[in-house]
Amino acid sequence: MEPPRSAHVLIVPYPAQGHMNPMLQFSKRLISKGLKATLATTISITSSMHASAQPSFPIETFSDGYDVGGFALAESTGAYLASLQSVGSETLTALIERLDRTGCPVDAVIYDGFLPWVLDVAKRLGKLAAVFFTQSCAVNSVYYHVQRGLLQVPLRADAMVELPGMPPLRPEETPSFVYAYGSYPAFATLIIGQFSNVDRADFVLFCSFYELEAE
């Protein structure tokens, strides 16, 4: 009788350095608990990774539409994000279907909050899906309340920002995408849009710990 196989988790970070590392570290934690983890990132990111930075577990690739040069060669931030979603949805679907044909199919997808469309891909393929937010709970609480219309933007310069579980904040103490709302519209849409379908995720994970955000 064959021993049961380990659950296989596909990790999908947003293709940028500040997002890759937290999810790489989380992948190592999952592996230490007996799970199998595979990292899925864009072709352009893997081509730029130094050999010493390669993780000790499998890496698979999908396309963002800019396989040579990635974000740097996109016409604009908006063009890159649109391509990442449209081309990425198709090529990530193909990747998961290919892995499912192996002896170790994907059981769950853990995706960066910056990639809410990955949840749609996972659900379409019948996979468990967990969103992983690489920023703190406090920062994400602000973004969540903006996305849900519970915190109106632009902020009033003369009013404190009061949110559940948070100390009162001056407007300038909120994340810059909220305080200076509209200054980087494509990135602001990306960041606020993290919560567009979060209610459909099976699990919600945050890169934080209690002592860091006890308030």
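With which residue does Glu172 form a salt bridge? In this predicted model, the partner is Arg170, and the closest N and O atoms of the pair are 3.0 Å apart. Glu172 counts as partly exposed, at 44% relative accessibility, and Arg170 is likewise assigned to the partly exposed class, with a relative accessible area of 42%. Through salt bridges that share partners, Arg170, Glu172 and Glu173 are joined into one network.

A search of the whole structure finds nine salt bridges, and two further examples connect parts of the chain that are separated in sequence. The side chains of Lys127 and Asp100 meet at 2.8 Å, N to O, and this pair links the loop between α4 and β5, where Lys127 lies, to helix α3, which holds Asp100, across 27 residues. Lys127 counts as buried because its relative accessibility is 11%, under the 20% cut-off, whereas Asp100, with a relative accessible area of 26%, is partly exposed. The second example is the salt bridge between Asp202 and Lys123, with an N to O distance of 2.7 Å; since Asp202 belongs to the loop between α7 and β6 and Lys123 to helix α4, the pair ties together parts that are 79 residues apart in sequence. Asp202 is partly exposed, with a relative accessible area of 34%, and Lys123 is partly exposed as well, with a value of 30%.

From these charged pairs we turn to the nonpolar interior. In soluble globular proteins, nonpolar side chains tend to be buried together. The largest nonpolar core here has 45 residues, and Leu10, Val12 and Leu92 are those with the most contacts inside it. Among the elements that give two or more residues to this core are β1 (8-12), β4 (108-112), β5 (128-133) and α5 (137-147), while α3 gives the most, with seven residues. The core draws at least three residues from each of domain 1 (1-134) and domain 2 (135-196). Leaving aside neighbours within four places in sequence, Leu10 is in contact with residues that include Thr38, Ala40, Leu92, Ile96 and Ile110. A second, separate core of 13 residues includes Met23, Leu39, Met49 and Ile110.

The division into domain 1 (1-134) and domain 2 (135-196) also invites a look at the interface. The C-alpha centres of the two domains lie 27 Å apart, and 10 residues of domain 1 are in contact with 11 residues of domain 2. Between them the domains bury about 890 Å², with 71% of this area on carbon and sulfur atoms. Across this interface zero salt bridges are found, and the count of residue pairs in polar contact is one. On the side of domain 1 that touches domain 2, α3 gives the most, with three residues.

Helix α5 offers a closer view of domain 2. Its buried residues are Asn140, Ser141, Val142, Tyr143, His145 and Val146, and they pack against β5, α6, α7 and β6 (203-206). Asn140 counts as buried because its relative accessibility is 2%, and beyond its neighbours within four places in sequence it is in contact with Phe133, Gln135, Gln194, Phe195 and Phe206.

The backbone after this helix has two features to inspect. Most residues other than glycine have a negative phi, and most peptide bonds are trans. α5 is followed by Gly149, whose phi is positive, near 75°. In the loop between α5 and α6 lies Pro154, and the peptide bond from Val153 to Pro154 is cis, with omega near 0°.

Key
Residues numbered from 1 in each chain as written. Predicted model: local features only at pLDDT ≥ 70, side-chain atom pairs only at ≥ 80, totals over all residues. Heavy atoms only, no water. Core = buried A, V, L, I, M, F, W, Y, C linked by side-chain atoms within 4.5 Å. Buried < 20%, exposed > 50% of the residue type's maximum accessible area, 1.4 Å probe, protein only. Helix = DSSP H or I, 4+ residues; strand = E, 2+ residues; numbered from the N terminus. Domains from an automatic or database assignment. Contact = heavy atoms within 4.5 Å. Buried area = accessible area lost by both parts, 1.4 Å probe. Salt bridge = Lys/Arg side-chain N within 4 Å of Asp/Glu carboxyl O. Polar contact = N/O pair within 3.5 Å; in protein donor to acceptor, adjacent residues only side chain to side chain.
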